[in-house]
Amino acid sequence: EEAGAKNEGGTVYDAVGQQAQTERVVLKSAEITVSVAKPNESMKEVSAMATRLGGFVVNSYTWKDQDYNTGRTYDKATITIRVPAEKLDATLAEIRAMSANGTEGVISESQSGQDVTSDFVDSESRLRNLKAAEAQLMELMKNTTDLANTMEVFRELTNIREQIEVLQGHINYLKESADLSSIAITLVAEASLQPIEIGGWKPQGVVRESLEKLVRSFQGLVDFL
């Protein structure tokens, strides 16, 4: 069968048709938005958390957001971390616990997974074939005395080695992505989500932010007129 092919039962086979004992390779990621008392401080906590769990920070960013209803400014922050895949759920639980007002402080959350097992198995099979070809070319180069033939073999060997490096890099990427899950975290100030009152109606959360954007647009139109 073809390298990395599967039978109807879902078993993965290698290049010579033998059953390959390969676990599923799944790239997991998550996104979560949480309201906290102090986004800047919480971002530092998340960074320390990633290191403690054996991961690292990919990027982070903080900025000021103005509340046009009160005239006050609030901190916001985003941080993306990578943690061991087996600790993804535990990490999300810790992040939820940072909320300033319990489960209601988790504004949004989502998880996704991409199964790349076939790509991984196929890439490893191709890598084995390329390394076998490299070994044959090395042996041929040792036994070739003609200069023209030697140069031809050398060029082919160089091409094979370039393919090996690219393929090895791709395999390493899949391994790292499967071992370390990505979590994109947005931290908003809990105080910025306090209800506003419009004719007795008190919208909250994302609805409130949308209303504030509408108010800003209207204020800008009035200023222009």
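This passage describes the fold, helix packing, salt bridges and surface of a predicted model.

The protein contains five helices and five strands. Read from the N terminus, these elements follow the order β-α-β-β-α-β-α-α-β-α. The protein has 225 residues, and 33% of them are buried.

Helix packing was examined for α3 and α4. Helix α3 covers residues 117-142. Helix α4 covers residues 147-179. The axes of α3 and α4 lie 9 Å apart. The angle between α3 and α4 is about 155°. Angles over 145 degrees count as roughly antiparallel, and α3 and α4 are therefore roughly antiparallel to each other. The crossing of α3 past α4 is left-handed.

A salt bridge also joins these helices. Arg161 pairs with Glu134, and their closest N and O atoms are 3.0 Å apart. Arg161 belongs to helix α4, whereas Glu134 belongs to helix α3. The two residues are 27 residues apart, and the pair links distant parts of the chain. Arg161 has a relative accessible area of 35%. This value falls between the limits of 20% and 50%, so Arg161 is partly exposed.

Ser118 is a further residue of helix α3. Its relative accessibility is 34%, so Ser118 counts as partly exposed. Ser118 and Val25 are separated by 93 residues in sequence. In space, their C-alpha atoms are 8.5 Å apart.

Across the whole structure, a search finds nine salt bridges. The Arg161 and Glu134 pair is one salt bridge. Two others are described here, one within a helix and one between strands.

Within helix α1, Glu41 forms a salt bridge with Lys44. The closest N and O atoms of Glu41 and Lys44 are 3.9 Å apart. The cut-off for a salt bridge is 4 Å. Helix α1 comprises residues 39-52, and both partners lie in it. Glu41 and Lys44 are three residues apart, about one turn of the helix. Their accessibilities were also computed. Glu41 has 40% relative accessibility and so counts as partly exposed. Lys44 has a relative accessible area of 55%, so Lys44 is exposed.

Between strands, Lys76 forms a salt bridge with Asp65. The closest N and O atoms of Lys76 and Asp65 are 3.5 Å apart. Lys76 lies in strand β3, which runs over residues 72-84. Asp65 lies in strand β2, which runs over residues 56-67. The pair therefore ties together parts that are eleven residues apart in sequence. Lys76 has a relative accessibility of 12%. Buried means under 20%, so Lys76 counts as buried. Asp65 has a relative accessible area of 28% and is therefore partly exposed.

The surface was also searched for patches. Leu147, Met151 and Phe154 make a nonpolar surface patch of about 310 Å². Leu147 is located in helix α4. The relative accessible area of Leu147 is 62%. Exposed means over 50%, so Leu147 is exposed.

Helix α4 thus recurs in several of these features. Helix α4 packs against α3 with the axes 9 Å apart. Helix α4 holds Arg161, the partner of Glu134 in helix α3. Helix α4 also holds Leu147, one of the residues in the nonpolar patch.

Methods. Residues numbered from 1 in each chain as written. Predicted model: local features only at pLDDT ≥ 70, side-chain atom pairs only at ≥ 80, totals over all residues. Heavy atoms only, no water. Patch = residues over 30% accessible without salt bridge, like charges linked within 9 Å, V, L, I, M, F, W, Y side chains within 5 Å. Areas by Shrake-Rupley, 256 points an atom, 1.4 Å probe, with all protein chains shown as cover. Salt bridge = Lys/Arg side-chain N within 4 Å of Asp/Glu carboxyl O. Helix = DSSP H or I, 4+ residues; strand = E, 2+ residues; numbered from the N terminus. Buried < 20%, exposed > 50% of the residue type's maximum accessible area, 1.4 Å probe, protein only. Axes fitted to C-alpha atoms, helices over the stretch in contact; angles between N-to-C directions. Parallel < 35°, antiparallel > 145°, perpendicular 65-115°, else oblique. Left-handed = near helix turned anticlockwise from the far one by under 90°.
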